[in-house]
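Me: Hi! I'm new to this one, and I'd like to understand why things in it get the labels they do. Could you take me through it?

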Amino acid sequence: NYFMELSTDFEGAYYGFYFMEVADYFTKEYNDEREMLKLVYQSLRALASGNINRELVRYIFEMKTFVVNGEAPEVFRCANCGVGDRSMVFSSQNHGTICSECQGIAPDGIALSKAALYTLQYIASSTIEKLYTFKVSDEVLDEIRKVMQQYMDAHIDKKFKSLEILEM
């Protein structure tokens with residue numbers, strides 16, 4: 001698939017370039033990178049289809065990239081105490097969700113609604129083929145945006161040129 005529909009779409013093309021830059025950053029020669037290749041392919045398909053908000057496609061791609069590479073944040077329980085049935089905040093410093101009891105150790109905590117937490121859990125646990133089968137409200141998208149921007153800034157030491165152009 002050549003994704004010709006993205007070649008005439010400036011924003012779509014730059015999202016595609018961004019996915020390629022991120023994949024290049026994370027992948028290593030002589031490693032089995034089939035999962036990353038499937039993720040890039042499915043992400044480009046989601047962009048080309050136009051059925052899902054492109055910003056959501058970006059954040060799903062970013063989160064799943066960390067999952068594929070074994071660097072995903074803990075989103076199923078508190079990264080500090082292990083409890084999973086309390087309200088949560090997201091903390092990049094603590095590599096995931098922190099419960100309300102442990103919140104004092106997370107000065108960078110981002111409040112998460114149940115819907116945003118569920119979305120992160122779905123992305124982390126879903127197969128790549130089923131990733132782009134849902135939509136979220138603007139409020140949840142905003143929460144996911146904050147989480148992924150904070151996590152990317154904290155755990156990636158590179159600025160991606162295509163992302164700079166997209167954000168201009």
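Me: What makes E55, D142, R145 and K146 a network?

Reply: These four residues are linked by salt bridges. A salt bridge is called when a side-chain nitrogen of Lys or Arg lies within 4 Å of a carboxyl oxygen of Asp or Glu. The structure holds 11 salt bridges. A word on the source: this is a predicted model, where local features need pLDDT of at least 70 and side-chain atom pairs count only at pLDDT 80 or more, while totals for chains, interfaces and linings use all residues. Residues are numbered from 1 along each chain as its sequence is written, and side-chain values use heavy atoms, with hydrogens and water left out.

Me: How do you know that K38 forms a salt bridge with E35?

Reply: The closest N and O atoms of K38 and E35 are 3.1 Å apart, and the limit is 4 Å, so the pair qualifies. K38 and E35 both sit in helix α3, three residues apart, which means about one helical turn separates them. Helices here are DSSP runs of H or I with at least four residues, strands are runs of E with at least two, and both are numbered from the N terminus.

Me: Why are K38 and E35 called partly exposed?

Reply: Buried means under 20% relative accessible area, exposed means over 50%, and partly exposed is in between (1.4 Å probe, protein chains only). K38 has 33% and E35 has 38%, so each counts as partly exposed.

Me: What other salt bridge does K38 make?

Reply: The side chain of K38 also meets that of E129, at 3.4 Å from N to O. This pair links distant parts of the chain: E129 is in the loop between α5 (114-125) and α6 (138-155), and K38 is in helix α3, 91 residues apart. E129 is partly exposed, because its relative accessibility is 44%.

Me: Which helices does the salt bridge of R58 and E167 link?

Reply: R58 is in helix α4 (residues 54-68) and E167 is in helix α7 (residues 161-167), 109 residues apart. Their side chains meet at 3.4 Å, N to O. R58 has a relative accessible area of 7%, so it is buried.

Me: Is Q42 buried or exposed?

Reply: Q42, which lies in helix α3, has 15% relative accessibility and therefore counts as buried. Leaving aside residues up to four places away in sequence, Q42 touches I128, E129 and Y132; contact means heavy atoms within 4.5 Å.

Me: Why is α2 called roughly antiparallel to α3?

Reply: Helix α2 (residues 10-26) and helix α3 (residues 34-49) pack at an angle of about 170°, with axes 10 Å apart. Axes are lines fitted to C-alpha atoms, for helices over the stretch in contact, and angles run from 0 to 180 degrees between N-to-C directions. Angles under 35 degrees count as roughly parallel, over 145 as roughly antiparallel, 65 to 115 as roughly perpendicular and the rest as oblique. The angle of about 170° therefore makes α2 roughly antiparallel to α3. On α2 the contact is made by G12, Y15, G16, F19, M20, A23 and F26, and on α3 by M36, V40, S43, L44 and L47.

Me: How do you know that β1 and β2 pair?

Reply: Two strands pair if DSSP finds at least two bridges between them. Four bridges join strand β1 (residues 88-91) to β2, so the rule is met. The two strands run antiparallel. V89 has I98 as its bridge partner in β2, and S91 has G96.

Me: What makes β2 and β3 the edges of the sheet?

Reply: The three strands form an open sheet in the order β2-β1-β3, with antiparallel pairing. β2 (96-99) and β3 (110-111) each have a single partner strand, so one side of each has no neighbour in the sheet. β1 and β3 pair over two bridges, and in β3 the bridge partner of V89 is A111.

Me: Which residues show that both faces of β1 are covered?

Reply: M88 and F90 on one side, and V89 and S91 on the other, are all buried.
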